[in-house]
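Thanks for coming, everyone. Let me walk you through this chain, sheet by sheet. Have a look at it first.

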Amino acid sequence: MFENYKVYEIEYGGKKMTFETGKMCCLSNASILVRWGETVVLCNVTASKKPREGIDFFPLSVDFEEKLYSVGKIPGSFIKREARPSDKAILNSRLVDRPIRPLFPKDMRNDCSVVMTVMSVDADCPPEIAGMCGVSLALTISDIPWNGPIAGINVGLVDGEIVVCPTAEQRAKSDLHLTVAADEDVICMIEAGANEVANDVMLDAIIQGHTEIKKMVRKIKEIQAEIGKPKFAFESVKVPADLFEAVKEFAIEDVRAALDTDDKSVRDERLAPVEERVHAQFDDEEKSNAAQIDEAFYQLQKFVVRRWLLDEQKRVDGRKMDEIRPLAAEVGLLPRVHGSGMFTRGQTQVLTICTLGTVSEAQKLDGIDDQDQKRYIHHYNFPSYSTGETKPSRGPGRREIGHGALAERALEPMIPSLEEFPYTIRLVSEVLSSNGSTSQGSICGSTLALMDAGVPIKRPVAGISCGLITEGDRWMTMVDIQGLEDFFGDMDFKVGGTEKGITAIQMDLKIKGLNYDMIKEAFEKTYQARMYILNDIMLPAIPAPREELSKYAPKVKSIHINPDKIREVIGSGGKVIQKISADCGVKIDIDDDGTVVVSSVDADGIRRAVSIIETIVNDPEVGAIYKGKVTRLMNFGAFVELAPGKEGLVHISKLDMGRVEKVEDVVAPGDEVIVKVTEIDQQGRINLSRRDALIAMEAKKNAAKQQ
């Protein structure tokens, strides 16, 4: 029945990967079912037959669709159906988008759709790598114009050793989480999170990953030679060479004058009348060629900027190639938040706010991996006013989610453990002004906000980007690219890290790829820039995390109890823990391992709650002093509850310093009293003394006065 059914096999990352085609999805331009271990991803690529009119970009969509059945889960939502993509699904979509997008013809306007459907997940075989390889093969054998193939691989650093395609167990203890995409010759994409990895180790990991990738690229080319289809012809929107030359001759001097400023708003102001004059000169009567004129004007700006950089070593704002724009760092801008920091680089400005919460406020996750929550969260907002534009806010898009995840990854290795700092931490980066590399500005602003909030981070983190201009065999890099250099350049190489090493990388390219020398130079330039930002700008603003938390932040106390005692602390139907929470004004979170976290703005309430919990799980000690509550009165004394389920008797003779005629003359039900444990008899009955507790407290007070 399936005449065109083919199966291909390769050993990749130490595991067998198979590609099946010709059986499923016969109406897409190409379909590949990838099996890698027990991971299964269905990859489909389709393209419209006609171009979309009225657009000036290539309309590509890339979707990574997580199906919870792939890990044997039912969605946790009310309707029990996968809803909008998770943040991780969006990040994996971007992971595949970045290496494949530059390889499509820039002058094609046919809609193209790439869909990876995750159908089964083996934790040792990441589905995003299977999807990337499957998409590359599908595009290569399809009739869609594409200048591939590429492939991707994960690389780890386990116990100081570089590991290509680490297992789930190895990833859990790896100091490096690197994804590399490449063809046989150059690196197309790098994305990494790392625990302060040195530049040379990172480069070595990239090279080792590339070595494995070459095997996959060669295999895809072999399959293409066997079953690949001819690429279809499309309507090109390239500007005719004679039109570009005419526009260039007419407007190049005006464009040079307009672009020669470091102020984006001034530049836009100067360019507007120049563009009007170009249209007035070259538009036909029906303005049917207006789109081509727009493209020619864009190409002219690109030509001017690239010539300045390549031929004159000139940047639009007059900086040297390794010079950073003017910088500023401030903390404590907002009085009622827990921590705030603002970082300014030229016209790029990011304000980050830190909020501390209880452990129970950690984000719940419902995805296809084994992470079900996270306590450190970073959100990034990019409003239209930050670029001087007007458009309604529709919530975060893929770019915002990606930039927030990059900043989160850069700072994550420096966040203290739950045992060291029992808080949920949320950072929100508000981009106030954007003229290039706001994601790296958010890393710097976030470090400032964390330190201002008193979070004991291990070391401060800074971020900076490196750009690239290429022409044939010529190339040059520049540090701290602004918007125009990013727009007309070939690369945005973002690196975050500390003084000890790299913590995050994200590389965006508009060209086919980078050689190792380009990557090495980018690492060196970004390291020098990071050291300047950290030592000369950020640390003078706040040299260390504040010693005390904001008075508005919740106070947290963490203790560990015997897990067998958890039931006693919770009580039947939760009555005990609810009573402690209500009486002390606290929140209590208990983990299965016996970790108890008590939080409140009121430090005294925390101390009382912890004392009660410790009394519940530990038998009262003879000689110890407790604060308890009078529960009932008898003629011979008062019963005092030390903790739920722990009650003792204060005999009337030990109720006060002097003689007591009636118990009710001294205490009443509901009173809180200080008592001392004097005896626990053989039947477990607890005898208490208020008199002895008062004597002990008075003696302690007198001793303190004498000191």
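**A glycine in a hairpin**

Start at the hairpin of β26 and β27. Two residues sit between its strands, and one residue there to look at is G645, with a positive phi near 85°. Keep in mind that this is a predicted model.

Now the strands themselves. β26 covers residues 637-643, and β27 covers residues 646-651. They run antiparallel, joined by six bridges. Which residue of β27 is the bridge partner of F639? The partner is L649. L649 also has a bridge partner in β29, namely N687. β29 takes in residues 686-689, and its pairing with β27 is parallel, over three bridges. So much for that corner.

Let's step back to the whole chain. There are 707 residues, and 51% of them are buried. Helices number 15, strands 29. The C-alpha trace spans about 115 × 65 × 50 Å along its principal axes. Take the contacts with a separation of 6 or more: 69% of them come from residues 24 or more positions apart. The exposed area is about 33100 Å², with 49% supplied by carbon and sulfur atoms. On charge, I count 90 positive and 110 negative side chains. How far apart do the centres of those two sets lie? The answer is 4 Å.

Next, the six-stranded sheet. This sheet is open, and its order is β1-β2-β3-β4-β6-β5, with mixed pairing. At the edges are β1, residues 6-12, and β5, residues 60-66, each pairing on one side only. On average, neighbouring strands are turned by 15° against each other, ignoring direction.

Walk across it with me. β2 is residues 15-21, β3 is residues 30-36, and four bridges pair them in the antiparallel sense. Here T18 faces R35 of β3. From β3 we move on to β4, residues 39-51: antiparallel again, this time with seven bridges. L33 has L42 in β4 as its bridge partner. This hairpin of β3 and β4 has two residues between the strands, and G37 takes a positive phi near 60°. Then comes β6, residues 110-120, which pairs with β4 in the antiparallel sense over nine bridges. N44 stands opposite V115 of β6.

Now the eight-stranded sheet. This one is open too, and its pairing is antiparallel. Reading across, the order is β8-β7-β9-β10-β21-β20-β18-β19. Which strands form the edges? They are β8, at 161-164, and β19, at 474-479; each pairs on one side only. Neighbouring strands here are turned by 20° against each other on average, direction ignored.

One pair to zoom in on: β18, residues 462-471, with β20, residues 491-497. Seven bridges hold this antiparallel pairing. Among the residues involved, L468 has M491 in β20 as its bridge partner.

Two helices to finish. Helix α8, residues 398-411, packs on this sheet and touches β10, β20 and β21. The direction of α8 makes about 150° with that of β21. Helix α9, residues 438-453, packs on the sheet as well, touching β18 and β20. For α9, the angle with the direction of β18 is about 160°. That puts β20 in touch with α8 and with α9.

That's my tour. Over to you.

Notes. Residues numbered from 1 in each chain as written. Predicted model: local features only at pLDDT ≥ 70, side-chain atom pairs only at ≥ 80, totals over all residues. Heavy atoms only, no water. Pairing = 2+ DSSP bridges. Axes fitted to C-alpha atoms, helices over the stretch in contact; angles between N-to-C directions. Buried < 20%, exposed > 50% of the residue type's maximum accessible area, 1.4 Å probe, protein only. Contact = heavy atoms within 4.5 Å. Areas by Shrake-Rupley, 256 points an atom, 1.4 Å probe, with all protein chains shown as cover. Lys, Arg positive; Asp, Glu negative; His and termini not counted. Charge placed at Lys NZ, Arg CZ, Asp CG, Glu CD.
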